[in-house]
Amino acid sequence: MRSLFRFCPLLLALALLIGAGPAFAAKRVALVLSNSAYQNAPQLANPDNDGAVIAKTLKEAGFDVVDARHDLPALETRRSLREFADSARDADIAVVYYAGHGIEVDGANYLIPVDAKLERDTDVYDEALSLDRVLVAIEPAKQLRLVILDACRDNPFGKTMKRTIASRGIGRGLAQVEPTSPNTLIAYSAKAGSTAQDGDGSNSPFTIALSKHLTTPGLDVRRAFGFVRDDVLKTTNNKQEPFVYGSLGGDDVPLVPAKAVAVAPAQPVVNPQAEIRRDYELALQVGNKAAWDAFLAQHPDGFYSNLAKIQIDKIAAEEAHAVATAKAKQAEAERDRLAAAGAQKDAQARAEADAKAAEQAQLAAQKAKEQAQQQAAAAEQQRVNLAAATPNSSAAQPAKAPATNVAALTPTTTPADLTRSVQSELGRVGCFSGQADGNWTTASQRSLSQFNRYAGTKLDTKVASTDALDAVKAKPSRVCPLVCDRGFKADGDKCTKIVCGDGYVLNDDNECEKKRAAKPASTAKRDDGQQQDRPARQRPQAGAAAAAAGGRASGGGGQIYCNDLLCRPVKRGCHLGFRGGGGYGADPNPEVCD
């Protein structure tokens, strides 16, 4: 029995060496394609250099096959993929790296060989290679299928390419993909719909970061791309964000296995933090409240439990925001319904108050959600940084470090800073003319509404969010049209005063038109003929007064008798009577004589 215990350490070491054998025996193959010397488009400076760096990195990492080719026409590219498919047939890990031009047509991605002309949009089906063709080449690999595309550049054929169908979309950068095969990852040098930078040196920022992190021994490929993302964001001032599509299982999948320990310790030391870390990362991958509750039930205290509680707070804030948004929409719909139905004023007033209260609750929930998301991101970044700083301690030290208070972590970006950033970006694309002061006012909301209208987005205009910042940042130039005041016109990105020539004036349509001649004022007076047409009782009394004066001179008593023919003094001894009426042939005031 004592002999058996003496030989246990030796047997354990032998078992570890035997168990490590398959990891080292795994077959790894790679195909590196790079296109710089385009025949019908401007040449690219860095792809051939980038391909050489990646090929060297993979060879030094011990890959069994590294087939590096550059500046291939379409036929040679297809032949290379066919030959590489044979190499991947019995491989555990297959990697394809491509640097050059890529294009997205109707949601599908294509790699462009150096001899492509692409005179029409349909030529892409004949002259380019679809991303699906690349995925077919690596499909036989058993453990990991990895495609890396440093091809998110501006399309050089877009300006000259003829459209056979107006509705066919040709996007900017590459389109988002979702691999259908298991254990498949597709890495973009820039997020879908955006473009990547070539960099100032001989290699792109994406390739430099890849060569630094991708083949780190024992580093899971997903974490490696996370470090690549951080480096590229830092190098490009947050203008380029690499992205990875697809998913893997719960086990770590490194491109280069960790170095095995030749002799195992007689009494292996079990680090409890390593198990907690694995449980935490599994819960993080699942990402729902049930997973975090299960983690806290198993690990109620410590460093990772504090991180889990922050993740639960984030989920609760997101759920509360969703509920508040639904209630706000319901209150608005009820208010509009009552208004359309002509309900009583007090019912409409109550509905209006309910809608405003629901809107305020939605705004508060949105702010709480943003803060919780930023706090969770800050906590996760803290965890990653600490793990990277002490990779061999399995996060044991962070749990004991008194200076690390995860619950007290504050977001790296305050809401006011986020609002200023959104306002500044809206101003850059021509949708906001105010000052970026960090106050999300009605003018800021109108500016974001204008952006939604002209950019085709559906962003929430009530708050300044990270989604809005990312969407506006993705636009390289002006989105909203330039609007000038009356008397000014748009001239490029400026408003210039409209100057009309001699004899022209500015009209209501903001255009110069010829002056119209002024019409003379009407001074015509009614002639005497019009006056004669009036009835006798409506004629001017001036003549009657004159006749009256003559009558008094002749002794007529001062009264004047008028009919349709004339006016004369009343005869002596007579006076005027009153009959009423009048009209043609009927005197209203007859002459009565005694």
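Contact here means heavy atoms within 4.5 Å. Keep that in mind for the opening stop, and remember throughout that this is a predicted model.

**Stop 1: D123**

Select D123, which sits in the loop between β5 and α4 (124-127). Now show what surrounds D123: leaving aside residues up to four places away in sequence, it touches L118 and A128. Is D123 buried or exposed? Its relative accessible area is 7%, and the cut-off for buried is under 20%, so D123 counts as buried.

**Stop 2: the sheet with β4, β5 and β6**

Stay with β5 and bring up its sheet. You should see an open sheet of 3 strands, ordered β4-β5-β6 and paired antiparallel. Color β4 (102-105) and β6 (129-130): these two stand at the edges, each with a single partner strand, so one side of each has no neighbour in the sheet. In general, strands of a sheet pair through backbone hydrogen bonds, either parallel or antiparallel.

Next, select residues 108-111, which make up β5. This strand runs antiparallel to β4, and 4 bridges join the two. For one residue pair to click on, try V105, whose bridge partner in β5 is A108.

**Stop 3: helix α10**

Jump to residues 303-341, and you have α10, a helix of 39 residues. Put a distance label between its first and last C-alpha: the helix reaches 58 Å, close to the 57 Å expected at 1.5 Å a residue. Then step just past the end to G342, which follows α10 and has a positive phi, near 70 degrees.

**Stop 4: the disulfides**

Show the cysteines as sticks. How many disulfides are there? The count comes to 3, and we can visit them in sequence order.

Start with C431 and C480, whose sulfur atoms are 1.9 Å apart in a disulfide. C431 is in the loop between α13 (415-428) and α14 (442-455), while C480 is in the loop between α15 (466-473) and β10 (488-491), so this pair ties together parts 49 residues apart in sequence. Check the torsion too: with 90 degrees about the S-S bond, the link of C431 and C480 is right-handed. Add a surface, and note that both C431 and C480 are buried.

Move on to C500 and C512, joined by a disulfide at 2.0 Å from S to S. C500 lies in the loop between β11 (494-497) and β12 (504-506), and C512 in strand β13 (residues 512-514); the pair links distant parts of the chain, 12 residues apart. Which hand does this one have? The torsion about the S-S bond of C500 and C512 is about -85 degrees, so the disulfide is left-handed. As for the surface, C500 is partly exposed at 22% relative accessible area, and C512 is partly exposed too, at 37%.

Finish with C574 and C593, a disulfide with its sulfur atoms 1.8 Å apart. C574 belongs to strand β16 (residues 574-576) and C593 to strand β17 (residues 591-593), so the bond ties together parts that are 19 residues apart in sequence. The link of C574 and C593 is right-handed, with 105 degrees about the S-S bond. Are the two ends of this link buried or partly exposed? C574 has a relative accessible area of 12% and is buried, whereas C593, at 42%, counts as partly exposed.

Technical notes: Residues are numbered from 1 along each chain as its sequence is written. This is a predicted model: local features need pLDDT of at least 70, side-chain atom pairs count only at pLDDT 80 or more; totals for chains, interfaces and linings use all residues. Side-chain values use heavy atoms; hydrogens and water are left out. Two strands pair if DSSP finds at least two bridges between them. The expected span of a helix is 1.5 Å times one less than its number of residues. A disulfide is a pair of cysteine sulfur atoms within 2.5 Å. Buried means under 20% relative accessible area, exposed over 50%, partly exposed in between (1.4 Å probe, protein chains only).
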